[in-house]
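This report walks through the strands, one helix, the nonpolar core and the salt bridges of the model shown here. Please read it alongside the sequence and the coordinates.

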Amino acid sequence: MTTETHEPGALLRSAGLRVTAPRLAVLDVVESRPHISAEDVATRVRERLGAVSTQTVYDALRVCTTAGLMRRIEPAGSPARYERRVGDNHHHLVCRHCGRIEDIDCAVGSPPCLTASDDRGFEIDEAEVVFWGVCPECRTSEAALAAD
């Protein structure tokens, strides 16, 4: 199940959470900018609401993530990123040069996409895969630099 766009207040209430202006703003910012860092969320929330503490933004991110309203991803060498696409076990492409992150659907078959060679008794319900490479824009820039 992917997160569908719903009214943020209804999403918070359905998760049993109090509806507050910072939580509404955080949900809206993350919805509009997938793979955004907490620092960038805080900046954009302040642009909308004025003075909001960094701790309030982090608390809203944590509460919404715990409630399953958003997902936190942590590509190696990058700050934690947040997205609203949850529940579908998708994966990510990350550019080694610019850090751009793109969603990619399951690698093979149905979730959890990958079957462990030995599940060691675990009931696997999710697989996290990060594909690393160089995005088209960075490849074009590299080619232009090499031609000079």
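In this predicted model, His-91 of strand β4 stands opposite Ile-104 in β5. The two strands, β4 (residues 91-95) and β5 (residues 101-104), pair in the antiparallel sense over four bridges. They form a hairpin with five residues between them. Gly-99, in the turn of that hairpin, has a positive phi of about 85 degrees.

Strand β4 also pairs with β6 (residues 130-133), here in the parallel sense and again over four bridges. Leu-93 has Phe-131 of β6 as its bridge partner. Four of the five residues of β4 are buried, so the strand is largely enclosed by the rest of the structure.

**The three-stranded sheet**

A separate paragraph is due to strands β1, β2 and β3. These three form an open sheet in the order β1-β3-β2, with antiparallel pairing. The edge strands are β1 and β2 (71-73), each of which pairs on one side only. β2 is joined to β3 by three bridges, and Arg-71 stands opposite Glu-83 in β3.

Ser-37 lies in the edge strand β1. Is Ser-37 buried or exposed? Its relative accessible area is 8%, so Ser-37 is buried, the cut-off being under 20%. Apart from neighbours within four places in sequence, Ser-37 is in contact with Pro-79, Ala-80 and Arg-81.

**Helix α3 and its surroundings**

Helix α3 (residues 38-49) has twelve residues. From its first C-alpha to its last it reaches 16 Å, close to the 16 Å expected at 1.5 Å a residue. Which residues of α3 are buried? They are Ala-38, Val-41, Ala-42 and Val-45. These residues cover an arc of only 100 degrees around the axis, which puts them on the same side of α3. The spacing fits a general rule: an α-helix has 3.6 residues a turn, so residues three or four places apart point the same way. On the other side of α3, Glu-39 and Glu-47 are exposed.

What covers the buried residues of α3 includes two helices, α2 (21-32) and α4 (54-66), and two strands, β1 (36-37) and β3 (81-83). Just after α3, Gly-50 takes a positive phi of about 90 degrees.

**The nonpolar core**

The largest nonpolar core has 23 residues. Those that touch the most other members are Val-26, Val-30, Val-41, Val-45, Val-57, Leu-61 and Met-70. Two or more residues of this core come from each of α1 (8-14), α2, α3 and α4. In soluble globular proteins, nonpolar side chains tend to be buried together.

Val-57 shows how the parts of this region meet. With its neighbours within four places in sequence left aside, Val-57 is in contact with Val-26, Ala-38, Val-41, Ala-42, Val-45 and Val-52. The four buried residues of α3, namely Ala-38, Val-41, Ala-42 and Val-45, are among these contacts of Val-57.

**Salt bridges**

How many salt bridges does the structure hold? There are eleven. The table gives three of them, with the N to O distance and the relative accessibility of each partner.

| Pair | N to O distance | Relative accessibility |
|---|---|---|
| Glu-7 and Arg-13 | 3.6 Å | Glu-7 46%, Arg-13 51% |
| Arg-84 and Glu-31 | 3.1 Å | Arg-84 5%, Glu-31 30% |
| Arg-85 and Asp-88 | 2.5 Å | Arg-85 23%, Asp-88 15% |

In the pair of Glu-7 and Arg-13, Glu-7 counts as partly exposed, while Arg-13 is exposed. The salt bridge between Arg-84 and Glu-31 links distant parts of the chain, with the partners 53 residues apart. Arg-84 is in the loop between β3 and β4, and Glu-31 is in helix α2. Arg-84 counts as buried at 5% relative accessibility, whereas Glu-31 counts as partly exposed at 30%.

For the remaining pair, Arg-85 counts as partly exposed and Asp-88 as buried. Both belong to a network of salt bridges that also links Asp-103 and Asp-105.

Definitions and conventions. Residues are numbered from 1 along each chain as its sequence is written. This is a predicted model: local features need pLDDT of at least 70, side-chain atom pairs count only at pLDDT 80 or more; totals for chains, interfaces and linings use all residues. Side-chain values use heavy atoms; hydrogens and water are left out. The expected span of a helix is 1.5 Å times one less than its number of residues. Buried means under 20% relative accessible area, exposed over 50%, partly exposed in between (1.4 Å probe, protein chains only). The arc is that of the directions from the helix axis to the C-beta atoms. Contact means heavy atoms within 4.5 Å. Two strands pair if DSSP finds at least two bridges between them. A nonpolar core is a set of buried Ala, Val, Leu, Ile, Met, Phe, Trp, Tyr and Cys residues joined through side-chain atoms within 4.5 Å. A salt bridge is a side-chain nitrogen of Lys or Arg within 4 Å of a carboxyl oxygen of Asp or Glu.
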